[in-house]
Amino acid sequence: MQEGRPIPSRQINRELLSTILNSPKWFWIAVVLLGLIVLGAMSAAGFMVNKGLGVTGMNRPVMWGFFITNFVFWIGISHAGVMLSAILRLSKAEWRRPATRAAEILTVFSLMTAMLMPLIHTGRPWRLVYWIYTVPFAPYDYARGIWPNVRSPLVWDPSAVYTYLTSSILFVLVALIPDFAVLRDRTAPPTSGHSPTLTHRIYTLLAMGWRGNPRQWKLQIIAGVLLSALILPVFVSVHSIVSWDFGMAVAVKSWHSTIFAPYFVVGAVHSGVSAVAFAMIILRHIYGWQNYIRHEHIDALGRLLIVVATGWFYFFVMEVIFGFYGREADELAVRDLQFMQNPWNIWMMVFVFTTYFLPVALWLPRMFRRNLWIMSAACISVNIGMWLERFIIIVPGLQNKQVFTFSWYTVYSPSAVEWTIIGGTFALVSMLMLLVARVAPLIPLYDIKEAEILRTEVKIGRVTVPAVYRED
Amino acid sequence: MAKRAILGLFEDASYAAEAGDALQRAGVAPTDYDFLTDTPYPEGAFGERHEGHKLYIFPLCGALVGLTIGILLTSMTQMAYPMVQAGKPILSLPPMAVVTYESTMLTAIIFTIIGIVFESRLPSFKQGLYDTRITEGYIGVLANVEETQLTEVSTLFTQAGAVDVVRENQAPA
């Protein structure tokens, strides 16, 4: 599969670096608008820290609300990067090329945003200072005899997320070195008489003296495969461990499930790949990258998503069946709440419809997969559904945690503070993606150029088919 | 006599490969010339020499370091703050495996990155002869030869189809 026309190297540079070298006029307006929303969210968080967690809708027994829902959601989105980059790189899927970089960067920012959520959720984020500064770089207050309890999933969780975050950042940076060299050369002074600009100096530093000889390219290619193979198990472990934050909690009936790890991992891939597909459509539209993000790429993502969505739906059904199959009264009470009682039954229907039935129906016909509006709608639908999924897992379970003691508390209702902070996280990720697009190419230049040199045509009978060479 | 660098720029990969062959026929050692491109070409596209590397050792070493750190961190913290639960052993192996697994993977990945940078001979800010047109799709054939061979090599490059030949201390066109 290699549609589109051949593009010379110079044109690839010009078009894909246009976001960096000649930023469009709307760029700073968009950044300021998103920045204002982030500022609003920061103000709301500051207000909450000042007044206490009482300004949120959380109360006993529902002590995990929107913040933890959003934490799990953004961890899920972060799985897009490795899913696309590592799995497709290892399987040498040709259509991965324009998607990998944006997916990897989305991974980094969504992980950073995810890690903000538990911090805000604590209500006392300044306590982190005690952790960090008592013993430099040690996240525990060793000086006061406090040691991590490795038996707690709440210790496994940061260890997995920080491993994934560090790995993803390093993965992105290594892959960026050749592209920084292109930027170094494009920002070089026209003649040796001119003094180099600060931008050129920075890109020279970032490129680390890259020259592009066969040895460096060989190592770059091996690095891509090797790091993909190393990050892949981390990617699986991260959402498994996030699921164990819930699964290990014996006291909350609907959480205490052995199927949670694969269910969460597949769900994360589902929401993450949908988010990448949507991000690619947006990038194609705002930067005019029609030559690079083509209908064939979105089509391929749509086909992949049908498989992922169906896999996810299987785990969802299994999780529910296992819940009923145990016939435990507490578990059935939560299921009754989720499926039979208003408003949870409505949310449940919306969740299943938007996560599976609507998007898969839209992805099945080829003409819909190649319609960017319909694909956008389907991908947004998945992410609305996946956000709701986490909400429906977390809140009803907690609501029924101690039925007799706290039955006076019925419905968790998020406050304006929570809504503002949640909205701010979406603006934050969008703003950071835009800012990165200003300093580094969101589509890997050398990957696209490699596709161009491997492009060919095969004549079969009376038709000429676009094709691509592939190295073993 | 000190060697001098000369760079031929080619638009086509086969011309660059021919220039490499011509250099070899002229007696230039394979270690004295290199090919510079803006994209990975299939291995052997220019008839370049095969170079070995030790990249695979790095993740292995990293994994061993991480495994050791993980085991020490999880066992020593449990022993430093012993929590006895229902007479079970202080060292609980399944949770230790989780944190140890993460530390193993983390250091394996960090060591791999160090290996990539080290084996790629980076950072190397003293670039030597280079031309920014290489990142616009031209293929550079860079040769380090005796000063007396410069004219001969320049002619070889031109005959092989070079669009430009750049010498050290000469501003690129």
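Two residues are in contact if their C-beta atoms, placed from the backbone, lie within 7 Å. Keep that cut-off in mind for the tour, and remember that what you have open is a predicted model.

**Stop 1: chain A as a whole**

Select chain A and hide the rest for a moment. Of the contacts in chain A with a separation of 6 or more, 79% are between residues 24 or more positions apart. Switch to a cartoon view and you can go hunting for 18 helices and two strands in chain A. Now zoom out until the whole chain fits on screen. The C-alpha atoms of chain A fill a box of roughly 75 × 60 × 40 Å, taken along the principal axes.

How does the radius of gyration of chain A fit with that of a compact globule? A compact globule of 472 residues would come out near 23 Å, and chain A has 24 Å, so the two agree. As for what is tucked inside, buried residues are 47% of the 472 residues in chain A.

**Stop 2: two spots in chain A**

Select A:Phe322, which sits in helix α11 (residues 295-325) of chain A. Then add A:Ser257 and A:Ile259 to your selection: leaving aside neighbours within four places in sequence, these are the residues A:Phe322 is in contact with. Try the distance tool here, too. A:Phe322 and A:Ser257 are 65 residues apart in sequence, yet their C-alpha atoms are 8.3 Å apart in space. A:Phe322 counts as partly exposed because it has 13 C-beta neighbours inside 10 Å.

Next, jump to A:Pro61, in the loop between α3 (26-51) and α4 (66-90) of chain A. Show the backbone atoms here: the peptide bond from A:Arg60 to A:Pro61 is cis, with omega near 0°.

**Stop 3: the sheet in chain B**

Over to chain B. Select its strands and you'll see four of them in an open sheet, in the order β2-β3-β1-β4, with antiparallel pairing. Which strands stand at the edges? They are β2 and β4 (164-167) of chain B; each has a single partner strand, so one side of each is left without a neighbour in the sheet. Look along the sheet and you can check the turn between neighbouring strands, which is 20° on average, direction ignored.

Now colour strand β3 (residues 139-146) of chain B. Seven of its eight residues are buried, so β3(B) is largely enclosed by the rest of the structure. Eight bridges join β3(B) to strand β1 (residues 3-10) of chain B. To see pairs across these two strands, select B:Lys3 with its bridge partner B:Glu146, then B:Ile6 with B:Ala143 opposite. With β2(B), β3(B) pairs over four bridges, in the antiparallel sense. A pair to click on is B:Phe35 and B:Val141, which stand opposite each other.

Bring the helices back. Helix α1 (residues 13-25) of chain B packs on the sheet and touches β1, β2 and β3 of chain B, with its direction at about 15° to that of β3(B). Helix α4 (residues 150-160) of chain B lies across β1, β3 and β4 of chain B, running at about 10° to β1(B).

**Stop 4: domains and loops of chain B**

Colour chain B by domain: domain 1 is 3-39 + 137-167, and domain 2 is 57-119. Their C-alpha centres lie 50 Å apart.

Select B:Ala86 in the loop between α2 and α3 of chain B. Its phi is near 50°, a positive value in a residue other than glycine. Is B:Ala86 buried or exposed? It has 4 C-beta neighbours inside 10 Å, so B:Ala86 counts as exposed.

Move on to the loop between α3 and β3 of chain B, where you'll find B:Arg121. B:Arg121 has a positive phi as well, near 60°. With 15 C-beta neighbours inside 10 Å, B:Arg121 counts as partly exposed. B:Pro123 is in this loop too, and the peptide bond leading to it from B:Leu122 is cis, with omega near -10°.

**Stop 5: where the chains meet**

Finally, show both chains together. The contact takes 52 residues from chain A and 49 residues from chain B. On the chain B side, β2 (33-36), α2 (57-80) and α3 (93-119) each supply at least two residues. The largest share there, 15 residues, comes from α3(B). Colour the side of chain B that touches chain A by class and you'll get 27 nonpolar, 14 polar and eight charged residues.

Definitions and conventions
Residues are numbered from 1 along each chain as its sequence is written. Chains are lettered from A and ligands numbered from 1 in the order in which they are written. This is a predicted model: local features need pLDDT of at least 70, side-chain atom pairs count only at pLDDT 80 or more; totals for chains, interfaces and linings use all residues. Ala, Val, Leu, Ile, Met, Phe, Trp, Tyr, Cys and Pro count as nonpolar, Asp, Glu, Lys and Arg as charged, and the others, Gly among them, as polar. A residue is buried if 20 or more other C-beta atoms lie within 10 Å of its own, exposed if 12 or fewer, and partly exposed in between; C-beta atoms are placed from the backbone. Two strands pair if DSSP finds at least two bridges between them. The radius of gyration is taken over C-alpha atoms; the globule rule is 2.2 Å times the number of residues to the power 0.38. Domain bounds come from an automatic or database domain assignment. Axes are lines fitted to C-alpha atoms, for helices over the stretch in contact, and angles run from 0 to 180 degrees between N-to-C directions.
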